[in-house]
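Student: Got a minute to walk through a fold with me? I'd like to get from the overall layout down to the ring packing.

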Amino acid sequence: MTLVWCVGDDSLYEEAPREITAHLTETDVAIEHTHNDYSYFGNVWINQDEYAHVIEIYDFPAMFKTDDLLDAFSDYSDWGMKIMWMDNTRALGVFSSQSAALHALSIRHPLLKTRTLSDGSKKAKGKAMRCAEFIQPVKERPWTDSAVARRMVTTALGLRRGGALSQHF
């Protein structure tokens, strides 16, 4: 078995291979160090215009739930906001527009921090790119009145205007 080891930290360079071989069941193991520099793969570039409606929310307590984050941004999310979790202390905030996201960046909250996605962590940028179709701008819910709602419900239930059931045979 051959393992290829690529690491930038010199202290790990010596320690990790010993730890890996100590936990392997096979005794015939060779560890090769990489011959190429792969560090340029570490920087994730995103198109700021495409993700301008997304911010990174980070450094909040692990006990926070989605509702806690939504409450923190309630003044900034009149047109809608979604939360996409990355881990216990980091999430993406998806807003309806770039202006709503920029407005949300002005939050002064003692328990959390925010930044644009272009200034965000590598993990945040990667999550945004992997979930691009799910982080489209939040659409404002269309206004409805009782007449529209009543028509939608009666149509869905198969009722006619007089309240009787319509025959669909």
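Tutor: Sure, let's take the fold, then the cores, then the aromatic pairs; keep in mind that this is a predicted model.

Student: In what order do the elements of the protein chain run from the N terminus on?

Tutor: The protein chain has five helices and six strands to place. Among its contacts between residues at least 6 apart in sequence, 69% join residues at least 24 apart. Read from the N terminus, the order is β-α-β-β-α-β-β-α-β-α-α.

Student: Which element gives the largest share of the largest nonpolar core?

Tutor: That core has 18 residues, and Ile55, Ile57, Phe60, Leu69, Phe73, Phe95 and Leu112 have the most contacts inside it. At least two residues each come from strand E3 (54-58), helix H2 (66-72), strand E4 (81-87), strand E5 (90-95) and helix H3 (98-104). The largest share is three residues, and the element supplying it is H3.

Student: How many residues are in the other core, the one with Ile46 and Met84?

Tutor: It lies apart from the largest core, and Met86 and Ala124 are among its residues too. Ala124 belongs to helix H4 (residues 122-130), where it is buried along with Lys125, Gly126, Lys127 and Ala128. Cover for the buried residues of H4 includes E3, E4 and E5. As for the size of that other core, the count is twelve.

Student: Is Phe73 buried or exposed?

Tutor: Look at its neighbours: leaving out residues up to four places away in sequence, Phe73 touches Ile55, Ile57, Met81, Phe95, Ala104, Ile107, Leu112 and Thr114. Its relative accessibility is 0%, and the cut-off for buried is under 20%. So Phe73 counts as buried.

Student: And what geometry do the rings of Phe73 and Phe95 have?

Tutor: Phe73 sits in the loop between H2 and E4 and Phe95 in strand E5, 22 residues apart. Phe95 is also buried, with a relative accessible area of 0%. The ring centres are 6.2 Å apart and the planes are at 70°, so the pair is edge-to-face.

Student: What about Phe60 and Trp85: what is the angle between their planes?

Tutor: This pair links Phe60, in the loop between E3 and H2, to Trp85 in strand E4, 25 residues apart. Phe60 counts as buried at 3% relative accessibility, while Trp85 is partly exposed at 27%. Their pair is edge-to-face, at 5.6 Å centre to centre, and the angle between the planes is 75°.

Student: Which residues do ring pairs link into a cluster?

Tutor: The count of aromatic pairs comes to three. Phe60 and Trp85 form one of them. The cluster linked by ring pairs consists of Phe60, Phe64 and Trp85.

Conventions:
Residues numbered from 1 in each chain as written. Predicted model: local features only at pLDDT ≥ 70, side-chain atom pairs only at ≥ 80, totals over all residues. Heavy atoms only, no water. Core = buried A, V, L, I, M, F, W, Y, C linked by side-chain atoms within 4.5 Å. Buried < 20%, exposed > 50% of the residue type's maximum accessible area, 1.4 Å probe, protein only. Helix = DSSP H or I, 4+ residues; strand = E, 2+ residues; numbered from the N terminus. Contact = heavy atoms within 4.5 Å. Phe/Tyr/Trp six-rings, centres within 6.5 Å; stacked < 30°, edge-to-face > 60°.
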